[in-house]
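Student: I have a structure open and would like to learn how to read its features one at a time. Where do we begin?

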Amino acid sequence: MSWRVVAAIAQKDLIDAIRNRYLLVALLTPLSVALLLRLMLPGASSLNNFTVVVHDPERSALVSQLRAVPQLKLVDAGSAATARDEVEKIKAAGALVVPPNFDADVAAGKQPLLTVYVNNRKNNIEQASFRVLVQRQVESLDQRAPQAELKWIDIREDTGSPTT
C-alpha cells in the first residue's frame, strides 16, 4: 500500500472526526480527565520520594530499616523538641521521635511510645502514604503484635498545638 493512499485515508478520517462532534468528544474526554486529575493531585507524582525527620539518639533498628528504603530521605534532628520545627522548615512528610531503649522495649513486648508527626500541609495522598509506610515498618520490627504504640500528631497550620 502506498503512502499516498494511507495519507488520503488518514486525512478523510481526520475530517470526519472534526465534523462528527461525538467522535471528537470521545477522543478528547480521556485527555481532559488526565489533565484534570493532574491539576487536582499535583503531589501524586512525588510519592516516590519522602523526606522524614528523625530523632533517634540510640540508632534503633526501626530507623536502620527506614534508611534502607530507597524512597526515603532521612534528616536527623538534634532533639525531640526540634523535630516538629524541622518538619515545617524543610517541608518534610513527617517526623519520628524514637524513645530511648526502643529496641529493648520492643523485644520485651512493652509497646514503647513512638511519636510520629504528620505534616498536614502535604496533600492527603502523601499523608496517607507516609502513615502506611510508618505503620508497615513498625509492624515489621517483630512478628508478635503489637510492637509499639504509635502516637500520631498532625501539624496544624492555624495553631501551634499538637493534636492526637
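Tutor: Begin with a charged pair, bearing in mind that this is a predicted model. Asp13 and Lys12 form a salt bridge, and their closest N and O atoms are 3.7 Å apart.

Student: How do I judge that distance?

Tutor: By a cut-off: a side-chain nitrogen of Lys or Arg has to lie within 4 Å of a carboxyl oxygen of Asp or Glu. The Asp13–Lys12 pair, at 3.7 Å, counts as a salt bridge.

Student: Which other residue forms a salt bridge with Lys12?

Tutor: Asp16 does, with the closest N and O atoms 2.9 Å apart. Lys12, Asp13 and Asp16 are thus linked in a network of salt bridges.

Student: How does the helix help me read the pair Asp16 and Lys12?

Tutor: The general idea comes first. An α-helix has 3.6 residues a turn, so residues three or four places apart point the same way. Here, Asp16 and Lys12 both lie in helix H1, residues 3–19, and are 4 residues apart, about one turn of the helix.

Student: Are the residues of this network buried, exposed or partly exposed?

Tutor: Relative accessible area decides that: under 20% is buried, over 50% is exposed, and partly exposed lies in between. Asp13 has 42% and is partly exposed. Lys12 is partly exposed at 48%, and Asp16 is partly exposed at 32%.

Student: How many salt bridges does the structure hold?

Tutor: It holds 3. One of them joins Asp76 to Arg67, with the closest N and O atoms 3.0 Å apart. Asp76 is partly exposed, at 45%, and so is Arg67, at 41%.

Student: Next, helices. Which residues of H3 are buried?

Tutor: In H3, residues 61–68, the buried ones include Leu62, Val63 and Leu66. Looking down the helix axis, the buried residues of H3 fall within an arc of 95 degrees, so they line one face of the helix.

Student: What covers the buried residues of H3?

Tutor: The cover includes the strands S1 (50–55), S2 (72–76), S3 (94–97) and S4 (113–119), together with the helices H5 (102–107) and H6 (124–139).

Student: How should I read a nonpolar core?

Tutor: As a set of buried nonpolar residues joined through side-chain atoms. The largest one here has 22 residues, and those with the most contacts inside it are Phe50, Val52, Leu72, Leu96, Leu114, Val116 and Phe130. S1, H3, S2, H5, S4 and H6 each supply at least two residues of this core. H6 gives the most, with 4 residues.

Student: What does Phe50 touch?

Tutor: Leaving aside neighbours within four places in sequence, Phe50 is in contact with Gln71, Leu72, Lys73, Ala93, Glu126, Ser129, Phe130 and Leu133. There is also a second, separate core of 10 residues, which includes Val53, Ala83, Ala95 and Ile153.

Student: And His55: is it buried or exposed?

Tutor: His55, found in strand S1, has 14% relative accessibility and therefore counts as buried. Beyond residues up to four places away in sequence, His55 touches Ala77, Gly78, Ser79, Ala80, Leu96, Val97 and Val98.

Student: Which residues make a nonpolar patch at the surface?

Tutor: Met1, Trp3, Val5, Val6 and Ile9 make a patch of about 600 Å². Val5 is found in helix H1 and is partly exposed, with a relative accessible area of 38%.

Terms used: Residues numbered from 1 in each chain as written. Predicted model: local features only at pLDDT ≥ 70, side-chain atom pairs only at ≥ 80, totals over all residues. Heavy atoms only, no water. Buried < 20%, exposed > 50% of the residue type's maximum accessible area, 1.4 Å probe, protein only. Arc of directions from axis to C-beta. Contact = heavy atoms within 4.5 Å. Core = buried A, V, L, I, M, F, W, Y, C linked by side-chain atoms within 4.5 Å. Patch = residues over 30% accessible without salt bridge, like charges linked within 9 Å, V, L, I, M, F, W, Y side chains within 5 Å. Areas by Shrake-Rupley, 256 points an atom, 1.4 Å probe, with all protein chains shown as cover.
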